[in-house]
Amino acid sequence: MKHITTILISVAVLAGGLLAEEPQNHHSDGTRCVPLHRLGLKDIDDRSILPTMPRSMPMSTKNTCGMCHEYGVIADGLHFNSTKGLASGRPGEPWVLVDAETGTHLPLSNRAWKGLYKPEDVGLTPWTFTQRFGRHMPGGDMAAPKDTLSDLNARWNVSGKAEINCLACHNGSFKQDHSEWAKQMARENFMWAGTAASGLGEVGGMGSRQPDVWDYTKGPSPDDTGFATPPAVTYDLSQFDSKNRAMLDVGSPKDKSCLSCHSTVTTGQSKWRSDRDVHSAAGLSCVSCHRNGISHNIVRGYPGEAKLRKDPDVASLSCKGCHIGTDGTGARAMGGRLGAPVPKHAGLPPVHMKKLTCTACHSGPMPKSEPTRVRTARMNRMGIFGRAQWYTEAPNISAGVFVKGDDGKIGPRKMIWPAFWARLDGDKVTPILPKEVAPLTKGVFGGQQQIAEILNILAGPIAEDYGKKASTGRQDLIKKYKIGGLPVFLHGGKLYKLTADGGLDVSEFKGQAPMMIGPFARDWNGEILTLLRDLDPEAEPTDTTEFLNEMPKKRQDILVVLKGMVKSLGDIAPEGEVPAFDFGDVAYIRDLVSTPQEEDKEAGIREDLDKMSWRLVPVNTGAARLAVPRFAWMTKDGDKVSLRPLIPDVVIAGVAATAEVEESFTEQQVGTVLARLQAKNGGKYAYISSGKLFSLADGGKVVASDNPAAEAYSWPMAHGVRPAPQALGAGGCTDCHSTDSAFFFGKVKGTGPLLTDAADVKSMHQMQELDPGFHGMFGMTFVFRPIFKAVLFGVAFLIAALLAGYAMLLIRKLTKVAGETDKFCFPLLDKLAGLVVAGVASILIFTGFLPVITGSVISGWMLIAHVLLGAVFAVALLGIIFFRASACSQADSTRFNLGQKIGFWMLASFGFFLVLTAALATLPVLGMGWQTLMATLHLCMGIGAVVSIIVYVVGSIGKKV
């Protein structure tokens with residue numbers, strides 16, 4: 001109870017501070033209680049709504065909520081101000097225009113974030129933008145523009161404007177339904193969507209079915225026949241009192257409201273395997289950190305936001321502000337707010353706090369050799385439930401990509417790669433909307449859909465014909481003659497079969513392929529046979545007329561089915577073309593011709609009233625005879641006949657290449673569409689995908705090149721926070737610092753709808769702007785770090801022992817090996833130790849003090865040199881102390897003068913603490929404060945060592961003089 005009271009008091013103090021300079025709700029007296037919202041509803045014309053009236057108008061939040069709350073002030077809030085040109089802050093999640101038919105993944109935003117396109121710059125008006133993204137829009141902003149007349153194709157008079165959907169966040173009722181909002185927005189019931197989603201009533205009818213001239217103020221539609229019913233509300237009377245006042249359960253936003261639009265999940269991972277954010281598990285809600293006043297200028301909680309907003313209290317709602325504290329004063333500036341643990345960061349050198357964000361270690365997925373793929377609610381259309389499947393796998397979002405931000409710190413990000421068609425004008429790349437490209441992709445893209453459509457068409461005649469024989473019950477004949485089966489597509493060792501929903505299932509085919517009509521065959525109980533039974537292409541008669549017209553008995557059934565297939569293919573024939581059964585030199589098409597009655601009866605053809613019959617008639621093509629006949633599309637221009645495959649080779653090749661991968665089409669297919677674009681419109685065009693720009697070179701070859709427009713867009717991720725025991729680095733320094741560290745050397749590959757070997761591939765260190773050679777070498781040093789630590793502590797111990805021994809004058813007898821005071825052993829080693837100390841010390845002074853003088857932090861190769869040479873210095877210093885301590889500890893020794901002795905003992909003392917502070921800093925037990933203290937003491941001891949060397953050198957010069 002004590003902790004709860006503390007939290008509530010802290011929240012109250014913080015809320016009071018945050019609201020101090022914001023517009024205030026003049027109806028609030030400061031109480032923390034939420035008043036009961038029992039009020040009459042108002043419609044768009046500010047008229048009171050009578051819930052008992054049939055075909056009622058929807059509630060207007062502007063007029064209903066605006067009775068007490070400043071709607072105009074709220075409209076400037078974070079969720080509703082994208083078009084107002086206000087400061088955007090650090091990059092955030094964009095909207096992504098996804099069109100599977102054309103392979104478009106175009107990131108959009110009205111915010112001034114680098115790498116995104118403004119909707120208006122690519123031809124999206126507020127109307128078309130709302131049509132596409134209204135499912136996850138909060139109302140207001142683009143969904144309620146002031147200017148509704150500039151777009152002549154807009155239907156605001158039909159749909160109405162979607163005002164700020166206050167209840168989407170503030171409605172505490174279990175009836176609040178985001179899926180209903182999405183459904184109503186899809187029906188162009190913009191003005192009605194908020195009322196329907198709130199559960200206050202049911203909205204029937206569809207604005208999308210109304211003519212352009214219909215206006216929601218005119219009442220029923222003249223075209224209303226039950227199908228074109230205009231939208232209207234039937235209110236739930238149980239939610240109103242006798243005075244027609246609604247009882248609204250209004251309060252602070254609940255997490256479920258936020259998550260409707262801000263969920264992120266790992267692709268392919270079951271929900272039960274996902275852990276909650278540590279803050280959520282601790283009982284904090286979204287609005288515990290993301291707070292706002294009546295202005296709805298929600299705190300985003302990133303470093304630097306306080307400076308941008310000129311509000312120091314905002315800094316207290318960042319990771320550092322809450323856990324460690326800020327530079328301000330008062331309770332809000334102190335760390336450990338709301339019971340947040342104050343991190344010790346034991347063993348973590350302070351430099352990490354200058355080069356890494358808090359989220360680098362604590363947020364998102366752990367580093368992997370390849371990033372983790374995730375889905376978000378807004379991009380992948382999640383959180384919309386119903387019979388229809390709303391969510392999509394596209395676009396591909398990579399998470400756990402570590403990038404250097406504008407603040408110079410490395411942190412985890414989500415990343416997407418744009419994919420779109422574009423017009424090239426010099427260096428300028430202008431995206432093209434899918435509707436401009438879609439007509440030119442027909443017959444080139446969507447190969448699996450094309451194959452599935454044809455298989456479905458061909459299945460009809462076979463089922464009809466063989467069904468008659470199957471109905472006789474003669475299962476022995478069905479088995480003997482292998483009657484029935486379903487059409488399949490066989491190509492390149494892959495078997496494509498229809499699924500229950502009309503799609504394609506792809507599997508490996510390892511059997512003996514039959515002689516097929518083109519790539520089509522049929523599946524008879526798992527056995528792959530020719531599409532038309534009894535057709536033996538190798539035994540065809542030389543006279544094609546005899547083949548179809550005189551009809552040997554075994555071919556009669558073939559002809560009936562064949563004509564049915566050609567007839568069915570006619571239903572999907574492209575404009576100006578007819579289906580044909582092609583032998584190469586002769587092709588048969590279905591035509592209405594006059595035939596003798598007797599022959600019709602023999603052929604089983606029903607005679608029509610004009611004694612004309614549909615028959616397969618030959619057309620001479622002038623081509624070479626095919627080994628195996630095929631279905632084809634025929635075009636006749638006078639006497640000129642041209643034939644093309646039922647499915648073009650480029651499409652078949654594309655299907656084969658993309659059958660079992662996520663990508664949708666190939667470079668060859670892209671080249672075909674680019675050529676069509678240039679032929680139709682002139683100029684140069686390109687397709688962007690997978691981090692590259694693909695264009696046509698001379699000769700029609702598709703070439704890939706780097707272009708800023710193809711670069712990935714990324715934005716920081718801060719949620720999915722893990723506690724300290726699960727943070728990056730909890731397993732030791734080698735979580736990051738190793739020769740194959742995923743943090744530095746993980747690969748990030750550009751993705752998109754295009755299957756290509758030219759996709760952009762970058763290592764993490766490239767995105768962090770770091771030297772891979774250094775971090776590879778630095779990672780290798782951790783293999784020898786135990787030895788390094790042992791050397792430092794060993795040297796420190798021995799130096800301490802020597803100093804203590806000489807201080808107590810106990811070592812004098814032990815060092816008098818020759819019996820004479822000035823005589824000493826190993827003179828060469830003594831001189832070598834002196835030279836090493838002098839040489840290494842000069843380098844250590846340069847590498848250690850230069851960063852201090854320039855105001856930077858020691859890092860990179862300079863750090864490696866300083867650390868490695870520091871160990872050499874420590875060993876050499878031990879040697880000097882061992883060889884010279886005896887002579888320098890005796891007053892009657894003539895080997896060293898007073899100045900040299902003073903310099904020696906100063907160097908020995910400062911050197912000892914220099915080595916000791918370096919050694920202690922390597923222990924993973926000292927917190928961040930102690931780490932900083934060790935670094936400061938190390939610097940001070942370094943200054944002392946430099947002074948000692950100067951004193952020794954001056955003494956040496958004096959002795960020579």
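# Cysteines, a pocket and two buried residues

User: What is the relative accessible area of C286, and is this residue buried, partly exposed or exposed?

Analyst: This is a predicted model, in which local features need pLDDT of at least 70 and side-chain atom pairs count only at pLDDT 80 or more, while totals for chains, interfaces and linings use all residues. Residues are numbered from 1 along each chain as its sequence is written, and side-chain values use heavy atoms, leaving out hydrogens and water. Under 20% relative accessible area a residue is buried, over 50% exposed and in between partly exposed (1.4 Å probe, protein chains only). C286 therefore counts as partly exposed, its relative accessible area being 25%.

User: How many disulfides does a search of the whole structure find, and how far from C286 is the nearest cysteine sulfur?

Analyst: A disulfide is taken as a pair of cysteine sulfur atoms within 2.5 Å, and a search of the whole structure finds 0 of them. C286 accordingly takes part in none, and the nearest cysteine sulfur, which belongs to C258, lies at a distance of 4.0 Å.

User: Why is C361 not bonded to the closest cysteine sulfur, and which residue holds that sulfur?

Analyst: C361 is itself a buried residue, with a relative accessible area of 18%. Its sulfur is too far for a bond, because 6.3 Å separates it from the closest cysteine sulfur, which is in C736.

User: How many helices and strands are there, and what share of the residues is buried?

Analyst: Helices (DSSP runs of H or I, at least four residues) and strands (runs of E, at least two) are numbered from the N terminus, and the protein has 33 helices and 30 strands. Among its contacts (heavy atoms within 4.5 Å) with a separation of 6 or more, 66% join residues 24 or more positions apart. Of the 961 residues in the protein, the buried share is 45%.

User: Which helix gives the largest share of the lining of the second largest pocket?

Analyst: On a 1 Å grid over the protein atoms alone, a pocket is an open set of points with protein on both sides within 12 Å along at least five of seven lines, and lining residues have an atom within 4 Å of a point. The second largest pocket has a volume of about 1,200 Å³ and a lining of 44 residues, with F445, G446, G447, Q448 and Q449 nearest its centre. Two or more lining residues come from each of α18 (447–470), α23 (649–658) and α24 (667–681). The largest share, 6 residues, is given by α18.

User: Is Q450 buried or exposed, and at what relative accessibility?

Analyst: Q450 has its place in helix α18. Setting aside neighbours within four places in sequence, Q450 is in contact with G443, V444 and F445, as well as with I647, P648 and V651. Q450 counts as buried, since its relative accessibility is 16%.

User: Where does I432 lie, and how far apart are the C-alpha atoms of I432 and T104?

Analyst: I432 belongs to strand β12, which covers residues 428–432, and is buried, with a relative accessible area of 4%. Apart from neighbours within four places in sequence, I432 is in contact with W421, A422, R423, V437 and Y685. Although I432 and T104 are 328 residues apart along the chain, the separation of their C-alpha atoms is 9.4 Å.

Technical notes: 1 Å grid on protein atoms, 1.4 Å probe; cavity = no way out; pocket = protein on both sides within 12 Å on 5 of 7 lines; lining within 4 Å. Points joined across faces, edges and corners; volume = space filled by probe spheres on them.
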